[in-house]
Amino acid sequence: MWLFLGITFSLGMLIPGNLSLKVQYHRDQVLHTVPETFQQVQHLQHLCRTLLLDLWKPLLPEDIWAGEDLHIRVPASLLQEVKDSLDKHMISYKVLIPDVQELVDQSMPKERSSHRQVPEGYNYTQYHSMEEIYQWMTEIQKTNSELVTQHYLGKTIENRTMYYLKISQPSNKPKKIIWMDCGIHAREWISPAFCQWFVKEILQNYKSDPKISKFLQNLDLYVLPVLNVDGYIYSWEKERLWRKNRSPYMNGTCYGTDLNRNFNSSWGSVGVSYNCSSEVFCGSGPESEPETRAVAHFIERKKSDILCYLTIHSYGQYILTPYGSTTKPPSNSKELMQVAEKAAAALMGKYGTRYEVGPTSLILYNNSGSSRDWAHMIGIPFSYTFELRDKGTYGFVLPPNQIQPTCEETMLAVTTIIDYVDQNYSSDGAVMLTFSSLSLSLSLGVVLTWSVS
């Protein structure tokens, strides 16, 4: 799908090999298995630890459970050894992805920016490099200046600039805020693609769609298209499956903190690693990373106005509610669940895609230091993680032909949540959440007091 929005972009043909990545995944396979016994669980945990296999689901060997799906990327050099070991222990498996590199190659766009102008505009159904996303943000602001402004958020560990877009209809009255961030994990390319799609849809439809038109009268939308800028660039240029940021540790012998384990919400307590080589390394302390600090400091300053915090990930098809580090539900868990279930139903209405809804600790795995938990703990009443398509057929390497349907259905879910928040909690809604009357306990339990106005 092509959209104009008054944008003209320049594209050029790829030079063969110009986008070749240093890390190759030729004949690597992603295997799917469901261990049935405790002994099989133990063997799989041992296999993953000793061979340092890349766990896609779950992320840690200790989160492997009997009866639960397990997705593992196995390098071609270890494939026979792993399959023989599974057969020996009578662990049945199937191949989800027969050649990871083939999928990686398919996900790379056929064209990239140069200085040749094309009239068609920006292609929202392909993945875009960070350079192109920066350019898109500048252009989208220029061509929609009555509604969109681009703002500085902070700097990354490699000194790149983090920008967010503010979508706001001019108004004399104070407005509440919906926050959305994408791309906290570098390899989840469908996430920034959705943030761009979301902005495009709002700008294209706010005059004609009564739902969008109404909530923009009461709410401002803050969108951070790529939170983990350095990691995202690294996933394009060096290592497609890179997840973390690019902070150096141990004198540069290992790199990267999982930014979604680095927020100050039960930091370091569960579902993390203190080993900097791990995909879920939580950093040297809460908010040790500049990207985390940039988001956290901004949200802290605005928290009395933020009604909803949305963070977009992949994969698995979940809408996740707080908390990840405890099974104790938040005080407004019933409403959080009702709204999420309504959003999942709206999403399913488009293409029949089923999303599971619930607290992370109950339906996925335990984790601490997530932005979703942190946002709720500081008093933002609605806080959700979206895990977009799919269930593992393509995993982190979702093909470009999946971008449009994924974004179309997710748009329905997200606008359902925003519409609910607008109708019930914006200044024109029936119920007001009075932040002066909102008190937080020091524990994970968030105590909310409500007042009706």
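**Exercise 1. The surroundings of G256**

Determine which residues G256 touches in this predicted model, leaving out those up to four places away in sequence.

*Solution.* Step 1: list the contacts. G256 touches W242, K244, N245, R246, S247, C276 and F281 once residues up to four places away in sequence are set aside.

Step 2: place the residue in the fold. G256 belongs to the loop that runs between β14 and α8.

Step 3: assess its accessibility. Because its relative accessible area is 0%, G256 counts as buried, the cut-off being under 20%.

Step 4: add a distance. From the C-alpha atom of G256 to that of E279 there are 8.2 Å, although 23 residues separate the two along the chain.

**Exercise 2. T292 in its helix**

Establish where T292 lies and why it counts as buried.

*Solution.* Step 1: locate the residue. T292 is part of helix α8, which covers residues 290-302.

Step 2: apply the cut-off. T292 has a relative accessibility of 1% and therefore counts as buried, since the limit is under 20%.

Step 3: name the partners. With neighbours within four places in sequence left aside, T292 contacts L259, N262, F263 and E287.

**Exercise 3. Burial of helix α7**

State how many residues of helix α7 are buried, and identify them.

*Solution.* Step 1: count. Helix α7 spans residues 229-237, and seven of these nine residues are buried, so that the helix is mostly covered.

Step 2: identify. The buried residues of α7 are V229, D230, G231, Y232, I233, S235 and W236.

Step 3: set this beside the whole chain. Of the 453 residues in the protein, 61% count as buried.

**Exercise 4. The packing of α5 against α12**

Describe the geometry of the α5 and α12 pair and the residues through which the two helices meet.

*Solution.* Step 1: choose the descriptors. The angle between the axes and the distance between them describe two packed helices.

Step 2: give the values. Helix α5 (residues 190-205) packs on helix α12 (residues 403-425) at an angle of about 65 degrees, and their axes lie 9 Å apart.

Step 3: give the handedness. The crossing of α5 past α12 is right-handed.

Step 4: list the contact. On the α5 side the residues are I190, A193, F194, W197, F198, E201 and I202. They meet I403, Q404, T406, C407, E408, T410, M411, V414 and I418 of α12.

Step 5: classify. This contact of α5 with α12 comprises 11 nonpolar, three polar and two charged residues.

**Exercise 5. The two largest pockets**

Characterise the largest pocket and the second largest pocket by volume and lining.

*Solution.* Step 1: the largest pocket. Its space amounts to about 780 Å³. The lining has 30 residues, with L52, L53, S277, S278 and E279 closest to the centre. Two or more lining residues come from each of α1 (38-51), β4 (54-57) and β14 (254-255). By class, 17 residues of this lining are nonpolar, five are polar and eight are charged.

Step 2: the second largest pocket. This one holds about 340 Å³ of space. Among its 14 lining residues, W65, E68, I363, L364 and Y365 lie nearest the centre. Helix α10 (residues 360-363) makes the greatest contribution to the lining, with three residues. Seven nonpolar, two polar and five charged residues form this lining.

**Exercise 6. Enclosed space**

Report how many cavities of 30 Å³ or more the model contains, and compare the linings of the largest cavity and the second largest cavity.

*Solution.* Step 1: count. There are three cavities of 30 Å³ or more.

Step 2: the largest cavity. About 210 Å³ of space lies within it. Of its 22 lining residues, L59, Y315, L364, Y365 and E387 are nearest the centre. The strands β4, β15 (306-314), β16 (318-321) and β18 (382-388) each give at least two residues to this lining. Its classes are eight nonpolar, eight polar and six charged residues.

Step 3: the second largest cavity. Its volume is about 40 Å³, and its lining consists of L59, L60, D63, R261, G271, Y365, N366 and N367. Three of these residues are nonpolar, three polar and two charged.

Step 4: compare. L59 and Y365 are found in both linings.

**Exercise 7. The overall fold**

Summarise the secondary structure and the sequence separation of the contacts.

*Solution.* Step 1: count the elements. The protein has 12 helices and 18 strands.

Step 2: consider the separation. Among contacts with a separation of 6 or more, 75% join residues 24 or more positions apart.

Definitions and conventions:
Residues are numbered from 1 along each chain as its sequence is written. This is a predicted model: local features need pLDDT of at least 70, side-chain atom pairs count only at pLDDT 80 or more; totals for chains, interfaces and linings use all residues. Side-chain values use heavy atoms; hydrogens and water are left out. Axes are lines fitted to C-alpha atoms, for helices over the stretch in contact, and angles run from 0 to 180 degrees between N-to-C directions. Helices (H or I, at least four residues) and strands (E, at least two) are DSSP runs, numbered from the N terminus. A crossing is left-handed if the near helix is turned anticlockwise from the far one by less than a right angle, and right-handed if clockwise. Contact means heavy atoms within 4.5 Å. Ala, Val, Leu, Ile, Met, Phe, Trp, Tyr, Cys and Pro count as nonpolar, Asp, Glu, Lys and Arg as charged, and the others, Gly among them, as polar. On a 1 Å grid over the protein atoms alone, a cavity is a set of points where a 1.4 Å probe fits but cannot get out, and a pocket is an open set with protein on both sides within 12 Å along at least five of seven lines; lining residues have an atom within 4 Å of a point. Grid points are joined across faces, edges and corners, and a volume is the space filled by probe spheres set on the points. Buried means under 20% relative accessible area, exposed over 50%, partly exposed in between (1.4 Å probe, protein chains only).
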